[in-house]
Amino acid sequence: MKVRFWGTRGSLPVAQRADAALAKIARALVAADGRRFASEAAAAAFARRELDFATYGSFGGATSCVEIEASEEAFVVCDMGSGLREFGLSALRRCAEGHPRVYHFFLSHMHWDHIMGFPYFRPAFETGATIVIHAGHADAEAALRRQQEEISFPVSFDELKARIQFVVHRPEEAFEAAGLEVSLVPQSHAHGSFGWRFDRPGKAVVYSTDAEHAPERMDDEVDFQDFFAGADLVIKDTMYSLGDTASLKLDLGHSSNLVGVDLCHAAGVKRLALFHHEPAYSDDDIQRMYDDTRRYEESVRGERPPLEVVCAYDGLEIEI
Ligand SMILES: [Zn+2]
Ligand SMILES: [Zn+2]
């Protein structure tokens, strides 16, 4: 099983600005301290070794879209944020090499940042492609059709050439799709959202974004402990640092990085991917939150096995 992150930003896509790129270059030059490099590859190796990720890379700015490569028979994709455009192009290349043109999507909910990529999803314009959209919301189809109404987009949903099917699921009923056992759980969020769990013998991945777990109500989170139980990877909305959650008194249906660690520890999860990064955070802000999260994990671990914390970025691949 391989998990590929095509979009990891929350709420709104963000683009790198010139001043941010310049600040990274300046910091790298200072760190190089007059060293000479024989090639760009040698300079890149130095950057990877000596600089933090926020300096030599970027967490990226596309919104939620995560591919789970787990099946020979179909693509499996969580959410359709702006990262979906890049995934679509990659999928077309793989289909040209023989991959079946079958796509299973799993929607957390239909806020714009989770569906805005679909009008730009090239495979939907292809005759012969099959797209199955799994949702916990009965109004998922209405939301996708609405964003392609003439007032908002030049190509209507009915003009798409792929065979598109919507399947609405109930949380208490697990089902099979693309060779995976799939289950869903309702989450606390405006208009509701759903977390998805994908099981294959000996492997489990959970995608749980746009879910509020308030620190003062952690005793009520038993359902999530069961849902996350023993997962190899939990991709979790950790939009705000706990400091911001407290100081801004946010009640926007998202969780903090520390609550994510607590839930995953309680559920015996092996790896947590911080996800759905706040669009106002710079790469340095996200790096700081990531470092704080790892320190927090170490400090509360106790006798439990370590929880590996990774910080998702556009382009990250994780082998499960
Ligand atoms: Zn969102
Ligand atoms: Zn949302």
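This note walks through the predicted model in numbered points, from the whole chain down to single residues.

1. Let us begin with the chain as a whole. Its secondary structure comes to 10 helices and 14 strands. The C-alpha atoms fill a box of roughly 60 × 50 × 40 Å along the principal axes. A compact globule with 320 residues would have a radius of gyration near 20 Å, and the chain agrees with this, since it has 20 Å.

2. Two further figures describe how the chain packs. Of its 320 residues, 40% count as buried. Among contacts between residues at least 6 apart in sequence, 73% join residues at least 24 apart.

3. A good place to look next is the open sheet of seven strands, which has mixed pairing and the order β7-β8-β9-β10-β11-β12-β13. Its edge strands are β7 (175-177) and β13 (308-311), each of which pairs on one side only. Neighbouring strands in this sheet are turned against each other by 25° on average, with direction ignored.

4. Within that sheet, β10 (residues 203-208) and β11 (residues 233-237) are joined by four bridges and pair in the parallel sense. If you would like one pair to find on screen, Y207 has I235 of β11 as its bridge partner. Helix α9 (residues 257-266) packs on the sheet, where it touches β11, β12 (271-275) and β13. The direction of α9 makes about 155° with that of β12. Helix α10 (residues 283-301) packs on the sheet as well, touching β12 and β13, and its direction makes about 175° with that of β13.

5. Now follow the chain from β12 to β13. These strands pair in the parallel sense over four bridges, and L272 has V309 of β13 as its bridge partner. Between the two strands the chain passes through α10, in a β-α-β crossover that is right-handed. The edge strand β13 also shows two faces: V309 and C311 are on the covered one, while E308 and V310 are on the uncovered one. As background, side chains in a regular strand alternate between the two faces of the sheet.

6. A second parallel pair lies earlier in the chain. Strand β5 (residues 130-135) and strand β6 (residues 163-168) run parallel and are joined by six bridges. Here T130 stands opposite R163 in β6. The chain crosses from β5 to β6 through helix α6 (residues 140-146), and this β-α-β crossover is right-handed.

7. Is helix α9 enclosed or in the open? Seven of its 10 residues are buried, so α9 is largely enclosed by the rest of the structure. The buried residues are N257, L258, V259, G260, V261, L263 and C264. After the helix comes G268, which has a positive phi near 65°.

8. Helix α1 (residues 18-32) makes a useful contrast to look at. Of its 15 residues, the number buried is zero, so α1 lies largely in the open. At 1.5 Å a residue, α1 should span 21 Å, and its end C-alpha atoms are 21 Å apart, which agrees. Just after α1, D33 takes a positive phi of about 50°.

9. Where does H276 lie? This histidine is in the loop between β12 and α10. H276 counts as buried because it has 30 C-beta neighbours inside 10 Å. Not counting residues up to four places away in sequence, H276 touches G10, S64, T209, D210, D237 and M239. The C-alpha atoms of H276 and H254 are separated by 9.2 Å, with their positions 22 residues apart along the chain.

10. To finish, turn to H189, found in the loop between β8 (180-187) and β9 (193-200). With 19 C-beta neighbours inside 10 Å, H189 counts as partly exposed, because a residue needs 20 or more to be buried. Leaving aside neighbours within four places in sequence, H189 is in contact with H109, D210, A211, E212 and G253. D210 is thus a contact of H189 and is also touched by H276. The C-alpha atoms of H189 and H104 are separated by 24 Å, and these residues are 85 apart along the chain.

Key. Residues numbered from 1 in each chain as written. Chains lettered and ligands numbered in written order. Predicted model: local features only at pLDDT ≥ 70, side-chain atom pairs only at ≥ 80, totals over all residues. Pairing = 2+ DSSP bridges. Axes fitted to C-alpha atoms, helices over the stretch in contact; angles between N-to-C directions. Contact = placed C-beta atoms within 7 Å. Buried ≥ 20, exposed ≤ 12 C-beta atoms within 10 Å, placed from the backbone. Expected span 1.5 Å × (residues − 1). Rg over C-alpha atoms; globule rule 2.2 N^0.38 Å. Right-handed = clockwise from strand over helix to strand, strands pointing away.
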